[in-house]
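Student: Before we discuss any assignments, could you show me the sequence and the model, so that I can ask how each label is justified?

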Amino acid sequence: MFGAKAASGPVAEAPAPTPAQIQAPPPRAAPPDKAQAKAPRAPADHAPSAKGAPLFDYDDELVLQMRTEKGGFEDTVIAYGTRAGVYLPLGALARFLDLPIRVSDEGHFASGWFLAENRTLSVDLRQGKIAVAGKERATETGEATAFDGELYVRADRVATLLPLEARADLRDQSLVIRTHEPFPFEQRLAREAARERLAGRHHNQGPQRWPREETPWLAASVPSAEAELRAVSDDQRGTRGQADLRLAGDLAWMTAQAYASLDSAEGLVAARVEMGRRDPDGQLLGPLRATGFALGDVASMPMAIGLRGVSGRGVAVTNAPIEQTSVFDTLDLRGPLLAGYEVELYRNGILVGSTAKPVNGQYEFLAVPVDFGLNVLRLVFYGPQGQRRAEVRRISVGDGRLSPGQFVYSLAALQNGSSVLGAHGAAFQPGQDYGRWRAGAQLGWGINPALTVLGGLAWFDGDAGRNYLASLGLRTGIGPVALRADAGIEKGGAYGITLGGGARVLGLSFTAAHSEYRRGFVDEVQALSAQPLRAVSEAELSGQLVLSHRGNGLTLPLAARWRMVDHLDGQRDVTASLRSSLARGGVLVSSAWELTSTSAPGMATSRQLLASFDLATLSGSRWQVRAGLGTRVLPRPAFASAAVEVNRRIGEQTLVAATASHAFDNHQTQLGVSAIRRLPRLTIGFDAAVGFPDRSYAAMVRLGFSIGRNPLDGRLFLARPGLASSGAVMVDAFRDNNGNGRHDDGEPALPGAAFTSGADVVQSDRHGQAFLGQLGSGTRTSVQVDIDSLPDIALAPVTRGVEVVPRPGRIHVSHFAIQALSEIEGTARFASAGSRRRREVSGLAVQLVDAKGTVVAQVRSEADGFYLFEQVRPGTYHLRVDPDQVRRYGLVAQDSTAITVTGDGRGARRDLEVSAAH
């Protein structure tokens with residue numbers, strides 16, 4: 001007969017039986033013991049190798065952000081790091097790549113195929129054998145191991161199993177997958193990109209992955225608070241107290257944020273107040289369809305030519321896409337920075353900036369260049385006691401062209417550098433144009449798929465009084481090359497013109513531009529100053545340098561930049577830089593070379609070449625080391641500075657650190673020690689430093705905590721710092737016994753379920769609650785449940801994930817309904833006319849139809865007429881035979897009676913009977 005295996009979900013069409021084809025089947029074997037199949041596995045104490053020796057344990061756990069080298073797909077994976085390398089879960093990797101490879105036998109066996117059904121893969125750790133595409137070999141020592149029901153493979157050996165490379169970068173907690181052959185998901189991405197190019201869109205939006213859950217806006221919410229209290233003593237200012245306070249929440253149906261820094265000797269030394277909204281979907285302010293607006297302490301966007309972006313008190317509104325930009329633009333990144341913290345900025349794995357000096361409580365990275373395609377910006381924060389955390393932002397970068405008819409605007413008016421409360425310390429030094437007002441409008445319009453027009457108009461206060469600036473720009477392209485042209489003119493006739501181009505070819509991103517200025521035009525975007533210019537030329541090249549194609553491969557990310565600025569007074573400044581980062585052998589090494597040359601009429605040319613080298617051990621160990629060396633190569637080779645930091649984790653909640661640094665120019669040495677203890681609801685830290693030979697000293701005790709309101713029970717709670725700086729989600733996980741998707745009275749909470757967002761993974765407590773914090777502001781964020789963490793394999797969520805748009809001070813509530821899946825089985829029989837005998841029929845297309853009339857699954861009966869629907873969610877269903885099959889072969893089949901599937905996991909049985917139409 002037909003003998004098709006039962007499967008849950010649609011299957012490929014196969015020939016249907018005819019009445020004449022029915023015959024008696026052989027006896028059907030008994031089904032496997034379902035109770036045994038559903039029994040939850042017990043976690044192992046350690047991961048044994050194929051020969052039984054432990055390779056790692058839970059203390060070696062790593063949380064990696066997994067992505068493909070070309071972007072488009074992202075996920076989070078739990079790996080384990082040892083001195084031998086990083087071990088990756090084969091089952092999770094296969095699911096990420098959509099490969100039909102299954103892991104069984106508590107992680108000791110895996111089988112399936114990849115890319116083509118004749119390219120099979122089998123890993124048998126009990127027998128110590130691996131077979132790839134029919135070629136069998138013995139497993140090597142330490143190559144793979146079973147742990148906690150999963151099969152783990154060392155990252156450098158994944159390439160021997162699949163046509164890809166898996167490169168773990170533990171400094172930024174990422175796992176990059178580089179494929180050697182086209183995988184199905186890559187082919188789908190290529191088709192989507194082609195469709196978007198035809199539509200005149202030059203970024204890859206992709207479909208929304210998870211359903212959106214909205215956080216309701218309130219007239220006033222209980223604000224979340226974050227505080228750090230410090231007792232400080234040093235040789236400069238003596239003993240004093242300090243405090244930083246942040247508040248955030250809803251006010252007047254907007255996000256309200258406030259920051260204040262106080263000093264017992266100087267009073268209020270810094271403050272920020274801001275209100276507004278952000279919406280990545282662009283649904284703000286009615287017909288304006290804004291993506292964001294703010295009033296208070298705000299920031300403006302830089303113009304294409306002329307004025308740079310600044311911050312100050314005022315108002316700003318825009319409908320520019322939050323997560324997209326042009327390759328010809330630069331980014332201004334700002335965010336909260338706690339006192340004593342240092343933040344590093346990585347762009348696509350390359351260290352491009354670092355700062356430890358907050359500006360009014362914020363870090364600032366200004367005029368950051370971007371590459372074509374997906375730019376992963378990772379901000380890594382280092383605390384004074386060795387704390388470390390990372391934030392990731394993803395920006396899609398196109399060629400600057402807009403879709404036909406698309407209109408983009410940005411409006412801002414603000415007082416440069418001034419805050420709403422006007423607070424600053426005694427050592428405050430006002431910057432250039434401090435307190436001067438400036439206002440501007442920037443517009444963009446997609447004329448057609450090939451041409452976009454930009455325009456700008458601004459007025460600002462200068463040394464000579466009120467000034468005006470108008471700009472006009474074009475964005476187009478020829479083949480893979482994007483082109484730009486911008487012109488600006490100021491009051492009085494000063495003007496400037498910029499021409500440039502960019503492309504991404506063979507994996508390399510390249511941009512170049514040249515600007516000419518006349519009559520004293522000031523271009524702050526190029527010079528970051530108010531000095532009149534004569535010309536500016538610049539070029540940037542970035543990409544991956546492949547050093548080895550064998551084994552696990554070796555790639556070196558590089559970013560090179562060159563700029564030449566000619567000032568109106570004849571001064572010429574030339575800068576050239578080369579940056580790179582390389583992770584190898586458990587160590588990340590970053591290097592930067594920067595050459596500067598300054599010349600002016602009547603003066604000798606001054607040249608300086610600086611080189612810096614940074615080293616850090618990767619995550620996964622209780623010991624962490626950071627070291628840096630700064631050197632001066634020109635005009636005379638010499639060491640400039642050296643520093644080392646050693647951190648030691650004691651248990652899960654205590655971290656101690658020791659630091660040493662030396663400045664060779666002034667022969668100053670500084671030694672420091674610090675410690676931090678993370679309590680369940682707050683953190684306590686201590687750090688001290690002494691300097692020689694000047695005998696300087698500093699000591700500080702810190703107490704940090706957050707106060708929030710649990711939206712599920714309304715109670716206030718204490719938490720670690722970070723609650724008021726960004727959005728959060730409170731997950732409510734429960735057993736949905738009645739299948740309605742709501743947490744009704746009497747339905748039990750579900751403890752122990754793992755939820756993830758980015759690199760953060762938390763488990764629900766005994767109340768079924770899991771808290772995910774520091775999710776950012778105004779950008780799409782997904783929260784997902786790890787199905788493997790559910791206590792029973794028969795349990796499944798109504799949805800695996802949800803999408804939220806977090807905002808500071810608000811804790812979004814997401815109810816995750818977990819349902820017990822059931823099975824519906826039966827036998828299909830054929831009734832012959834005039835006979836009482838009922839014979840089983842194979843190949844019958846049986847459909848499962850829900851209460852709305854939707855076909856949710858289809859299977860085919862086996863040789864003995866048996867059919868089985870697996871993983872059926874609670875609800876009301878009925879069975880029917882595929883109507884097309886009924887029509888083609890002249891069958892008569894009656895729909896079954898209603899089947900009610902409850903949330904207790906008990907299955908149901910219904911038989912079907914068909915006959916020949918008369």
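Student: What makes β31 and strand β32 (residues 481–490) a pair?

Tutor: In this predicted model, ten bridges join β31 to β32, and the two run antiparallel; since pairing requires at least two bridges, the ten found here satisfy the criterion, and therefore the two strands count as paired. One of the links joins glycine 473 to its bridge partner in β32, aspartate 486. The two strands also form a hairpin with two residues between them, and glycine 479 in the turn has a positive phi of about 60°.

Student: How do you know that strand β30 (residues 451–462) is paired with β31 (residues 465–478)?

Tutor: Eleven bridges join β30 to β31 in an antiparallel arrangement, and because the definition asks for at least two, the label follows. Leucine 454 has glycine 473 of β31 as its bridge partner, and a hairpin joins β30 to β31 through two residues.

Student: Why is the set that includes Leu64 and Val86 called a nonpolar core?

Tutor: The term applies because such a set consists of buried residues of nonpolar kinds joined through side-chain atoms within 4.5 Å. The largest core has 37 residues, and Leu64, Val86, Leu88, Leu175 and Ile177 have the most contacts inside it. Helix α2 (residues 90–96) provides the largest share of this core, five residues.

Student: Which residues does valine 86 contact, leaving aside its neighbours within four places in sequence?

Tutor: Among them are Leu62, Leu64, Tyr80, Val153 and Leu170. A second core, separate from the largest one, has 21 residues, including Ile824 and Leu891.

Terms used:
Residues numbered from 1 in each chain as written. Predicted model: local features only at pLDDT ≥ 70, side-chain atom pairs only at ≥ 80, totals over all residues. Heavy atoms only, no water. Helix = DSSP H or I, 4+ residues; strand = E, 2+ residues; numbered from the N terminus. Buried < 20%, exposed > 50% of the residue type's maximum accessible area, 1.4 Å probe, protein only. Contact = heavy atoms within 4.5 Å.
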